[in-house]
Amino acid sequence: MSSRPLSLTVAAAVAVIFGLLTIVSGGRALFGDVDMGAVVPFVLWFNFTAGFAYVLAGIGLWRGGAWAPMLALGIAVATALIFAAFLWHILTGGAWEGRTIGAMILRTGIWTAIAALAFRGERAN
């Protein structure tokens, strides 16, 4: 029986699933000849490559890797920084899609929550 808290188990599963979905959707947008509208390339590339880090962090959280909480925190901080850069892009008149704001709010929120759960789970062990 694992000593991993249920919340951390759920966070790990969410990270892996969210990462796989991110890789697939980002890959389709980048390489699949899908018209995504006015995408912002640096946001799209970040999200696609971050999907691989999501999967790695999820596996690390699942396996109890001591490095996994820091990776989750790094993902949360990097996502927030890319979101800030995206907002700057909007404020300076760059083209954008409204759904990207919602997606970045979701990503930032999810990774902030996963990082918080990871550190709370680390303290519990």
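Val39 is partly exposed in this predicted model, with a relative accessible area of 34%, a value that falls between the limits of 20% for buried and 50% for exposed residues. The residue is located in the loop that runs between helix 1, which spans residues 6-31, and helix 2. Although Val39 and Ile90 are 51 residues apart in sequence, their C-alpha atoms are 12 Å apart in space.

The two helices joined by this loop were examined next. The axes of helix 1 and helix 2 come within 7 Å and cross at roughly 155°. Because angles over 145 degrees count as roughly antiparallel, helix 1 and helix 2 are described as roughly antiparallel to each other. The crossing in which helix 1 passes helix 2 is left-handed. Within helix 1 lies Leu8, a residue that is buried, its relative accessible area being 7%, and thus under the 20% limit for that class. The C-alpha atom of Leu8 is separated by 25 Å from that of Phe83, and the two residues are 75 positions apart along the chain.

A second helix pair is formed by helix 2, comprising residues 41-63, and helix 3, whose axes come within 9 Å and cross at roughly 165°. This angle, too, is over the limit of 145 degrees, and helix 2 and helix 3 are therefore roughly antiparallel to each other. The crossing of helix 2 and helix 3 is left-handed. A left-handed crossing has thus been assigned both to helix 1 with helix 2 and to helix 2 with helix 3.

Attention then turned to the surface, where Met70, Leu73, Val77 and Leu81 make a nonpolar patch of about 380 Å². Of the residues in this patch, Val77 lies in helix 3, which covers residues 68-91, and Met70 is likewise placed in helix 3. Met70 counts as exposed at 52% relative accessibility, because the class of exposed residues begins over 50%. Val77, by contrast, is partly exposed, with a relative accessible area of 44%. Both values are over the 30% relative accessible area that is required of a residue in a patch. For each of these two patch residues, a separation from a residue further along the chain was also computed. Met70 and Ala115 are 45 residues apart in sequence, with a C-alpha to C-alpha distance of 7.7 Å, whereas Val77 and Leu117 are 40 residues apart in sequence and 15 Å apart in space, again from C-alpha to C-alpha.

With regard to charged side chains, the structure holds one salt bridge. Side chains of opposite charge can pair when their charged atoms come close. In this model the salt bridge is made by the side chains of Arg99 and Glu97, with an N to O distance of 3.4 Å, which lies within the 4 Å cut-off applied to such pairs. Neither partner belongs to the buried class: Arg99 counts as partly exposed at 47% relative accessibility, and Glu97 is also partly exposed, with a relative accessible area of 22%.

Note on methods
Residues numbered from 1 in each chain as written. Predicted model: local features only at pLDDT ≥ 70, side-chain atom pairs only at ≥ 80, totals over all residues. Heavy atoms only, no water. Patch = residues over 30% accessible without salt bridge, like charges linked within 9 Å, V, L, I, M, F, W, Y side chains within 5 Å. Areas by Shrake-Rupley, 256 points an atom, 1.4 Å probe, with all protein chains shown as cover. Helix = DSSP H or I, 4+ residues; strand = E, 2+ residues; numbered from the N terminus. Buried < 20%, exposed > 50% of the residue type's maximum accessible area, 1.4 Å probe, protein only. Axes fitted to C-alpha atoms, helices over the stretch in contact; angles between N-to-C directions. Parallel < 35°, antiparallel > 145°, perpendicular 65-115°, else oblique. Left-handed = near helix turned anticlockwise from the far one by under 90°.
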